[in-house]
Amino acid sequence: MRGGRMILEKFSLEGKVAIVTGGGTGLGKAICHAFARAGADIVTAARRPEPINETAAEVRKIGRRAIAIPTDVTDSRQVDHLMESAIREFNTVDILVNNAGIARGIEPSPWDPTPILPGPIWELDDDKWRNAIDINLTGTFYCCRAIAKYMIERRSGKVINMSSVGGIRGPKGWFTYSSAKAGVIMLTKTLAVTWARENIQVNCIAPGFLKIWEGKASGLPERNPDFIPMGRFGEAKDIGPLAVYLASEASDYVTGECFVLDGIASAGYAPTGYAPIFPLEGS
Amino acid sequence: MILEEFKLEGNVAILAGCGHSWLKDLGLALAQAGAAVVSAGPEQRQIESGIGEIRKLGRKAMAIQTDLTSSREIQKMMDDTLSQFGRIDILVNHLNLEFGKPFLEVTEGEWKRVIDTNLTAVFLCSQAVGKHMVAQKAGKIVSIVSGGAERGLPNGTAYCASMGGVVQLTRALALEWARTNVRINAVGVGWMENSFAGKKDDSVAHYIPMRRRARPEDIAPLMIFLASNASSYLSGQVYFADGGLMARA
C-alpha cells in the first residue's frame, strides 16, 4: 500500500475535534461516544442543555475533552456562535456532524410532545411545513455555511449530514420530513462537488429504522422488526463505526455519497419475505 | 485509537481477481487489517504479486491459480483454502476485464467473455463461498465495481452490463440472505488509475470533482469497513469511493 501507514491507522480520529449537533440523544449521542472512543474531542450541541451536558460528561469519562453548547440550529446566530465557540475552545474543528432535527417529525420526544405526525396534506399548515423544513434541512445549511470559510482556509474538513431512508423512498404521509431529508442528500452532493478541490469531504448517512431512542416518552407502540429484511432494528453500535469511517482519513476519496444504513429495508421492490420460486419453463 | 470493530484479526479472506484489478494492494490491506489472505485468479503473476509482502507482515497468505469462470476450479480453490486455513470469512471480488468497442461491432464471443469474467465469476465465487458462509452462519462478500455499474459509457455496453449485473446480484442476494448473517455489499470505484489505458488522457481526471483518478488506497478502507464487524447492519449496498464522480452534475 502506497503511503506507508498501516491501513487501520487511517480509521483513527486521534487529535481531531468534532462538532455533533443533536448530540444529546439518540444517533448524535451514539456518534459522540464512537468518535471519543476513536480519539476525538467533542463539541456537542442541542437545544436543551441537560442531555448534551450528560453526553459531554460521558465523553470525558472515555478520556477525551468535551464541551456542550446549547444551540438551536434553526437560528443562524446561535449556529455562528456555536462554530466560533468550538474553534475558540479547541483551536480547531475537523469534523462537523449535522444530526440535529432527526428526531422531530418521525417520533415524539420529551421536549417536543407534538411532533409533525403523518396525516392528510390539507392538515399540514404553512407553519408546520416551514418548521419541519427549518429543523431538518435549514439547520444543516446554517451549520455548513457557518463552518465553510474556516474549513476552506485550512483546506481540510469532514462534513457528515444525517438524512434518512425517508429522503430516498416515500414514507406515506411524511411530506415535510421526506422533502427535507431528500434536500439534505442534494445539499450534500452539491457541497461535495463544490468543495472537492478544497480537501473537504461531504457525505451523508441515511438511517432506516434505528432503535436508540432512550426516552420513555416516545409514546409509539412497540413495533415488531420483522418487516425489516435483516429482522432487527439498527442500534447505536451500527451507526458509530460508519460515522467514524466517514470522519476519518480512511474516507478521504469518498465524497458526495449517501450511506444507507437500514438493514436492507430499501434495496428491494417487494414485501420482506416475498421470495418467489418460479422455475424456467422447459427445464 | 482504532475501534476494535474495524479489525479483521482471525478472519480468512479470499481475494478473487482478474483483469485490471488491484489484487496486490487489496490483499495487503486485508492483511494489514489482520486477515489471512488467499489470492485467486487466472493470472499467476498477478495473484502472486503481494504474497511475499503479506508474509513479511506476519500474516498467512497463499496464491491459488484459478479459472474463476469454472465452478470446478473454484471448488478446488475453496477446498485448498479450507484445508490450509480451516475457514473462510471474507470474499472480495475484483473482476475487471476492461473492454470498449462500438456496439454494432461487438462479437458474441467478446460479449460472453466480458460477462463471464466480470459477472459470472462473481456468481460462481459467491455461490461456492456463500454456501460455506451460510453453513457457518457468518460471512462478508464485497464486490468491487466500476462507475459503469450505475452509469453508461459509449462503447461500453458489455462492460457496463457486466458491472451493473454485479450490483443487482449484490442487492438480490443480500435480501435473499438477509437473515443468514452473510452480508453482501459492493464498493464502487470511479476511474481507476490506468483504467482503459487512460493515463495519457487527463480529460477523465478533469471530470472527477477531486481532479484525480482513484488509487488502491482510496478504496481499500471502504473494503475493510464492509468486510469487518463495523458494518454489521449493512447489506445490499453499493457505496462509491470515487472522488465525487457519482455526485457531480
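What follows is a short conversation about the interface of chain B and chain A and about one helix of chain A.

Guide: This is a predicted model, in which local features need pLDDT of at least 70, side-chain atom pairs count only at pLDDT 80 or more, and totals for chains, interfaces and linings use all residues. Residues are numbered from 1 along each chain as its sequence is written, chains are lettered from A in the order in which they are written, and side-chain values use heavy atoms, without hydrogens and water.

Visitor: What makes R179(B) and D226(A) a salt bridge?

Guide: The rule asks for a side-chain nitrogen of Lys or Arg within 4 Å of a carboxyl oxygen of Asp or Glu. In this pair the closest N and O atoms are 2.9 Å apart, so the pair meets that rule. Across the interface of chain B and chain A, two salt bridges are found.

Visitor: How many residues are in contact there?

Guide: With contact meaning heavy atoms within 4.5 Å, 51 residues of chain B touch 56 residues of chain A.

Visitor: Why is α6(A) called largely enclosed?

Guide: Buried means under 20% relative accessible area (1.4 Å probe, protein chains only). Ten of the twelve residues of α6(A) are buried, so the rest of the structure largely encloses this helix. Among them are D238(A), P241(A) and Y245(A). The buried residues pack against elements including β5 (157-162) of chain A and α8 of chain B.

Visitor: How do you know that the span of helix α6 of chain A agrees with expectation?

Guide: The expected span is 1.5 Å times one less than the number of residues. For residues 236-247 that gives 16 Å, and the end C-alpha atoms are 17 Å apart, which agrees.

Methods
Helix = DSSP H or I, 4+ residues; strand = E, 2+ residues; numbered from the N terminus. Buried < 20%, exposed > 50% of the residue type's maximum accessible area, 1.4 Å probe, protein only.
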